[in-house]
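Subject: Structure for your review

Dear colleague,

Please find below the structure that I am handing over to you. I would ask you to look at it first and then to read the notes that follow.

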Amino acid sequence: LTIDKEGNVTDVEILEGLGYGLDEQAREAARQFKFSPAEIDGKSASVRLPFRIQFSLPPRPALVRGEVKSERGSASLSDAIVSIEALETKKQIRSTIQVDKDGSFEFSEVPPGIYQLSIEVDGYLSKTKKLKLEAGDVVEFDASLSKEPVVLRGNVKQAGDRTTLAG
């Protein structure tokens, strides 16, 4: 950077450019800087100053998508509810959606981290899966759910006299 006697940036030299318009953005940002004037022997003076601007981009979000079907895979379970929840305490992320008519679901713009994906449908055993999502990941998760077992309890009685049968 070249700084004049008033502390204004008058020239910006890019030593190692990145391209993609970032060099121009860095040059424009540096021209906005205002410095206290430098002094040499008690008098304001122009100076050249090395200055580094470092760009960092936020991590790209992940995408989680899939489909929910019955155990045999023949029927889409369009009444399924799918949730994704961050397991790291510093992130308060939870999202719940109902799948589309074809049983498909999608969570986009998910920040990198560790999550639990849960799928629930009335009458079916729920399913959960732990996911570690990295920047830019596209995760496909197709789930086949089993029917909940039906437990019948009671006594079997004989027709006619209605006595309880053994066994």
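**Findings in the predicted model**

Gly 66 is buried, with a relative accessible area of 8%. Please bear in mind throughout that this model is predicted.

Gly 66 belongs to strand β6. Apart from its neighbours within four places in sequence, Gly 66 is in contact with Gly 103, Ser 104, Phe 105, Phe 141 and Asp 142. Its C-alpha atom can also be compared in position with that of Ile 84: the two residues are 18 residues apart in sequence, and 12 Å separates them in space.

A second buried residue is Ser 118, whose relative accessibility is 16%. Buried here means under 20% relative accessible area, so Ser 118 falls into that class at 16%. Ser 118 is part of strand β10, which covers residues 113–120. If residues up to four places away in sequence are not counted, Ser 118 touches Ile 81, Val 82, Ser 83, Lys 127 and Thr 128.

**Helix α1**

Which residues of helix α1 are buried? In this helix, which runs over residues 22–31, they are Asp 23, Ala 26 and Ala 30. Viewed down the axis of α1, these buried residues fall within an arc of 65°, so they line one face of the helix. The buried residues of α1 pack against β2, the strand at 9–11. On the other side of the helix, Glu 24 and Gln 25 are exposed.

The loop between β2 and α1 holds Tyr 20. With a relative accessible area of 81%, Tyr 20 is exposed. Its backbone also deserves your attention: Tyr 20 has a positive phi of about 55°, although it is not a glycine.

**The largest pocket**

The largest pocket contains about 580 Å³ of space. Its lining is made up of 19 residues, and those nearest its centre are Leu 15, Glu 16, Phe 51, Arg 52 and Ile 53. Which element supplies the largest share of this lining? That element is α1, with three residues. Sorted by class, the lining has twelve nonpolar, two polar and five charged residues.

**Aromatic residues**

Phe 51, one of the residues nearest the centre of the largest pocket, is also a member of an aromatic cluster with Phe 33 and Phe 35. The count of aromatic pairs in the model comes to three. One of them joins Phe 33 and Phe 35 in an edge-to-face arrangement, at 6.2 Å centre to centre and with 80° between the planes. An angle of over 60 degrees counts as edge-to-face, and the 80° of this pair therefore places it in that class.

Are Phe 33 and Phe 35 buried, exposed or partly exposed? Phe 33 is partly exposed, its relative accessible area being 27%. Phe 35 likewise counts as partly exposed, at 24% relative accessibility.

**The segment after β12**

Strand β12 spans residues 138–145, and Gln 158 is placed in the segment after it. Gln 158 has a relative accessible area of 37% and is partly exposed. Neighbours within four places in sequence left aside, Gln 158 is in contact with Thr 163 and Leu 165.

Arg 162 is also placed in the segment after β12. Arg 162 is exposed, with a relative accessible area of 53%. What is the phi of Arg 162? Its value is near 65°, which is positive in a residue other than glycine. Arg 162 and Ile 114 are 48 residues apart in sequence, and their C-alpha atoms are 58 Å apart in space.

**A loop residue and its distance to Ser 144**

Ser 74 is found in the loop between β6, at 62–70, and β7, at 81–86. This serine is exposed, with a relative accessible area of 65%. Along the chain, Ser 74 and Ser 144 are 70 residues apart, while 9.7 Å separates their C-alpha atoms.

As you go through the model, you may wish to begin with Gly 66 in strand β6 and then turn to Ser 74 in the loop between β6 and β7.

Yours sincerely

Technical notes:
Residues are numbered from 1 along each chain as its sequence is written. This is a predicted model: local features need pLDDT of at least 70, side-chain atom pairs count only at pLDDT 80 or more; totals for chains, interfaces and linings use all residues. Side-chain values use heavy atoms; hydrogens and water are left out. Buried means under 20% relative accessible area, exposed over 50%, partly exposed in between (1.4 Å probe, protein chains only). Helices (H or I, at least four residues) and strands (E, at least two) are DSSP runs, numbered from the N terminus. The arc is that of the directions from the helix axis to the C-beta atoms. Contact means heavy atoms within 4.5 Å. Rings of Phe, Tyr and Trp (its six-membered ring) pair if their centres lie within 6.5 Å; planes under 30 degrees apart count as stacked, over 60 as edge-to-face and the rest as tilted. On a 1 Å grid over the protein atoms alone, a cavity is a set of points where a 1.4 Å probe fits but cannot get out, and a pocket is an open set with protein on both sides within 12 Å along at least five of seven lines; lining residues have an atom within 4 Å of a point. Grid points are joined across faces, edges and corners, and a volume is the space filled by probe spheres set on the points. Ala, Val, Leu, Ile, Met, Phe, Trp, Tyr, Cys and Pro count as nonpolar, Asp, Glu, Lys and Arg as charged, and the others, Gly among them, as polar.
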